[in-house]
Amino acid sequence: MIVDKNKEDFLKQSLEKLKGIGLIRAQTLAKELGLKTVEDLLWYFPYKHIDRSKILPVGSLKNENGYVQVRGQFYDFREVYSLNNKSRLEAIFFDNTGSVKIVWFSNYKWVLNKYRIGETYYLFGRISRFGDEAYIAHPEISTEEQFKHLPILGKFQPLYGTTERMKKQGMDSRFIMRIIQQLISMLPEQMEEVLPFHILKRLKLPSFPDAFKWVHFPESVEQYERAIKRFKFQEALAIQLRNEISLRERKKQPSSVVIHKAGKLFHLFYRYHLPFTLTRAQERVIKEIFTDLKSGFRMNRLLQGDVGSGKTIVALLVALIVIGNGWQVAMMVPTEILAQQHYERIKSLLELLPVNVSLLTSSTPKKERKLLLEGLKEGQIDFIVGTHALIEDVVNFKKLGLVIIDEQHRFGVVQRAKLQLKTTYSPHVLVMTATPIPRTLAMTLYGDLDLSVIDELPPGRKPIQTMHFTESFRYRAWDLMKREVLSGHQAYVVYPLIEENEKLDLIALEEGFEAIKREFSRFAIVVDMLHGRMKQKDKDTIMNQFREGKIHILVSTTVIEVGVDVSNATMMIIEHAERFGLAQLHQLRGRIGRGGEKSYCLLITPDQVGSEAMERIQVFLSTMDGFKIAEEDLKMRGMGEIEGTRQSGQHTFRFIEPIGDEKILFFAQRMAKFILQKDPMLETPSYVCLKELINRSFQGMYFSDIA
């Protein structure tokens with residue numbers, strides 16, 4: 001991307017040197033968003049754009065959804081107190097067509113001091129609803145004069161994710177927008193291309209500077225879509241070039257980790273300690289993996305299986321083969337809760353076998369951590385389960401033979417590679433995912449991996465009864481939850497968390513928690529709350545109490561989406577189900593029904609929902625097959641829109657959406673094969689820039705032969 005040293009100096013410049021930021025704000029941006037340099041900020045894309053050219057009549061808002069802009073006046077500011085003694089500020093905003101309620105849930109004293117009844121203002125915000133009543137919470141407010149000078153290029157305003165701490169220092173979305181505007185104006189002199197010119201011309205893609213300008217400040221939907229297409233293709237081409245080169249290198253280099261036989265540990269566990277009979281699919285996959293282990297070349301295999309298909313027990317059996325041949329195994333998972341869960345289950349299953357199993361996370365006490373690190377280095381620990389802590393520089397192995405990555409879509413390629421490079425050997429790699437992806441797409445997306453699929457569920461798992469209720473009939477869902485909990489089972493109530501509306505979503509979560517607590521506490525039912533903004537220690541405490549049965553109903557965001565396994569949980573209520581994608585609904589439903597009991601997944605939506613959302617819900621109600629759901633998702637989803645939103649923590653890749661961007665991925669795969677056939681070392685003037693694309697995309701951790 002950067003060739004000239006002066007240009008590199010500019011893009012690598014610390015944010016504290018930019019006008020309007022300074023040291024304190026720069027430290028906050030680094031801590032809250034991980035943004036440290038000019039280049040980081042340029043890559044911090046808006047999660048949404050709003051068309052600010054439209055001013056709607058206030059009277060029309062009852063029929064609107066999403067963001068709106070109106071012109072009118074305030075009257076009747078008043079403070080309102082709820083049952084839990086929390087206060088909010090309400091006002092009425094009107095024009096000659098009607099009125100709408102405006103709400104501030106917190107930090108509203110400045111509103112009373114700044115805005116006057118009878119004066120004209122422009123309001124911009126998101127329509128929310130409580131029952132049949134529409135309202136706007138925490139709107140952006142401009143005077144007539146301020147509105148004339150809004151710093152928006154074209155008619156689309158970008159919205160950027162921020163945090164409460166940033167806002168307290170004056171760094172809201174508009175602040176980020178103004179800073180990025182400054183940077184965009186300098187770009188033509190500061191950035192070099194990483195894509196060959198003839199490819200840009202053939203695909204009608206914008207230059208690097210134009211792509212940044214159009215993705216932040218588009219003047220039309222077409223400009224935005226062309227910019228996003230450029231970044232998606234750039235990412236896809238880097239992935240496919242990496243896949244092709246990685247596959248080429250793997251097939252050339254034999255592995256030092258050769259497994260000659262299944263071994264005594266495997267046979268002992270399989271015959272005497274396996275808690276259930278394996279399915280045919282599980283047995284087939286184990287044979288495929290064992291063939292790789294014996295081949296003399298490094299295994300790099302993707303194990304794909306629907307929620308509850310038994311991937312973990314397959315991984316454990318494979319680990320026992322490797323350990324039985326004198327090697328160590330490391331399993332990396334995305335969260336501490338999941339790491340603890342895997343560790344406890346594996347340790348319990350292996351308690352009668354001579355296998356030393358340990359757990360390493362960022363919460364591991366210092367004294368224990370020191371012993372663990374020594375044990376790994378000396379080869380005394382056979383099987384280590386951990387989080388990102390496993391890839392820290394201080395972690396070293398004596399004979400690492402197998403790396404297992406669980407929920408692989410939560411890790412980047414570089415993170416996976418760091419674990420593989422923890423030894424002078426070439427360990428085998430098994431990555432697992434419960435995200436159903438059609439086979440042809442998986443082979444394109446993960447072209448450097450061989451693919452195994454567990455395509456059947458263990459016997460005895462009962463279908464989860466899935467039902468849909470509108471808000472008017474929420475009491476029926478609560479009655480069913482009450483029945484389940486009073487019969488000795490546990491339940492989840494899940495709320496969405498969307499970046500564009502994170503604060504309001506957390507408020508909705510809290511209000512829902514209070515309402516459920518009021519309703520159910522009189523039955524001696526314990527209710528607690530969990531969300532991703534809580535301290536890790538508090539999250540772990542709550543999750544452990546839920547797993548131990550001390551909490552009966554857990555009100556949560558999608559932090560429980562991946563891997564959490566509580567066999568006594570037989571009920572899940574998903575609030576605002578219309579705001580979730582099909583794949584995420586399927587992942588959530590997979591958290592229940594894991595103990596053999598009949599289970600229920602209840603979707604709650606407003607009384608009126610859009611046709612697309614209703615279509616998704618109907619598909620979800622009709623099947624529990626994750627692969628069928630993925631295929632339907634593929635049919636229903638397009639390439640994304642300028643008005644699209646993004647759910648926190650749901651990004652597999654930076655730009656590419658595996659379900660939706662198949663054409664780009666397939667084309668990039670063909671392009672990568674063509675380029676490497678013509679120029680295997682990427683040395684010709686046309687393609688030398690692709691070296692920089694690959695090394696920058698993967699932090700220079702691959703392909704020393706072309707670096």
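How many bridges pair β10 with β12, and in which sense do the two strands run, parallel or antiparallel? The answer is four bridges, in the parallel sense. Keep in mind that what you're looking at is a predicted model.

**The strand β10**

Let's stay with β10 for a moment. Along with β12, this strand has a partner in β13 (residues 400–405): five bridges join β10 to β13, and these two run parallel. If you want to find the pairings on screen, here are two residues of β10 with the residues facing them.

| Residue in β10 | Partner residue | Partner strand |
|---|---|---|
| Q328 | L400 | β13 |
| A330 | I384 | β12 |

So much for the pairing; what about cover? Five of the five residues of β10 are buried. Q328, A330 and M332 sit on one side, V329 and M331 on the other, and both faces are covered.

**The helix α14**

Now move along to α14, which covers residues 336–349. How far apart should its ends be? With 14 residues at 1.5 Å a residue, the helix should span 20 Å, and its end C-alpha atoms are indeed 20 Å apart, so the two values agree.

Just at the start of this helix, look for T335: one of its side-chain oxygens comes to within 3.1 Å of the backbone nitrogen of L338. L338 is also one of the buried residues of α14, a list that includes E336, I337, Y343 and L349.

What do those buried residues pack against? Their neighbours include our strand β10 (328–332), along with β12 (383–386) and β11 (357–360). Helices join in too, among them α11 (263–273), α13 (311–324) and α20 (536–547).

Methods: Residues are numbered from 1 along each chain as its sequence is written. This is a predicted model: local features need pLDDT of at least 70, side-chain atom pairs count only at pLDDT 80 or more; totals for chains, interfaces and linings use all residues. Side-chain values use heavy atoms; hydrogens and water are left out. The expected span of a helix is 1.5 Å times one less than its number of residues. Buried means under 20% relative accessible area, exposed over 50%, partly exposed in between (1.4 Å probe, protein chains only). Contact means heavy atoms within 4.5 Å. A polar contact is a pair of N or O atoms within 3.5 Å; within protein, one must be able to donate a hydrogen and the other to accept it, and residues adjacent in sequence count only if both atoms are side-chain atoms. Two strands pair if DSSP finds at least two bridges between them.
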